Amino acid sequence: MQSVGRNPQIRVTHKVGHASLIAAVMSQRDFASLGPAGSCPDYLRNSGIPEMQAQAHFTIPVLKFGGGLSYKILTPRLSSEMANGTYKVDETTASLSAMGFMKITLKPIIIKFQGRYGENNTDVLGIGGYAVKEVVNNETGQRSYTPFYNTAF
């Protein structure tokens with residue numbers, strides 16, 4: 001499963017010998033997280049914290065390998081509509097994803113391996129999302145959430 005997403009981002013790549021170190025902070029646009037109003041970049045924007053990502057890639061003559069981590073916090077709702085009024089809520093759900101890959105080039109054969117553990121990966125066309133874990137306060141409708149996770153190889 002190859003993650004796909006076009007996100008506005010600030011990205012820095014630093015090359016040291018055979019290594020490339022990558023750090024990025026991202027927002028969402030075309031591919032956005034799912035939530036109460038459907039697919040929408042507002043959930044990441046409402047958190048006030050961009051998605052953060054770090055990767056390391058290493059290349060030697062016949063081998064390229066690496067890995068990365070991604071972390072994001074979503075705020076699905078800013079208010080809760082209840083029978084007794086509207087309440088401000090500050091619910092969030094955090095998600096961590098990790099991936100690793102390896103490519104071996106032995107002409108004329110190329111062998112590739114990739115694995116990913118992902119939490120709430122709908123914004124990169126992965127299986128995911130999140131669910132209400134519990135209603136924390138019945139009067140205000142305050143909720144806690146838990147991300148769905150999956151592993152792909």
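Contact here means that heavy atoms lie within 4.5 Å of each other. With that in hand, welcome to this predicted model. Its features include an open sheet of seven strands and a nonpolar core of six residues.

**The seven-stranded sheet**
- Going across the open sheet, the strands come in the order β1-β2-β5-β6-β9-β10-β13, with antiparallel pairing.
- Strands β1 (9–16) and β13 (149–152) each have a single partner strand, so one side of each is left without a neighbour in the sheet, and these two stand at the edges.
- On average, neighbouring strands of this sheet are turned by 10° against each other, direction ignored.
- Strands of a sheet pair through backbone hydrogen bonds, and the pairing can be parallel or antiparallel.

**A closer look at β9 and β10**
- Strand β9 covers residues 93–106 and strand β10 covers residues 109–119; the two run antiparallel and are joined by nine bridges.
- To find one of these pairings, start at M102, whose bridge partner in β10 is F113.

**The β7 and β8 hairpin**
- A hairpin of two residues links β7 to β8.
- These antiparallel strands, β7 at residues 79–82 and β8 at residues 85–88, are joined by four bridges.
- Here S80 stands opposite Y87 in β8.

**The nonpolar core and Y43**
- The largest nonpolar core is made up of C40, Y43, L44, L74, Y130 and Y145.
- Y43, one of these core residues, is in contact with S33, L34, G35, P36, A37, G38, I73, L74, T75 and P76, leaving aside its neighbours within four places in sequence.
- L74 appears both in the core and among the contacts of Y43.

Conventions
Residues are numbered from 1 along each chain as its sequence is written. This is a predicted model: local features need pLDDT of at least 70, side-chain atom pairs count only at pLDDT 80 or more; totals for chains, interfaces and linings use all residues. Side-chain values use heavy atoms; hydrogens and water are left out. Two strands pair if DSSP finds at least two bridges between them. Axes are lines fitted to C-alpha atoms, for helices over the stretch in contact, and angles run from 0 to 180 degrees between N-to-C directions. A nonpolar core is a set of buried Ala, Val, Leu, Ile, Met, Phe, Trp, Tyr and Cys residues joined through side-chain atoms within 4.5 Å. Buried means under 20% relative accessible area, exposed over 50%, partly exposed in between (1.4 Å probe, protein chains only).
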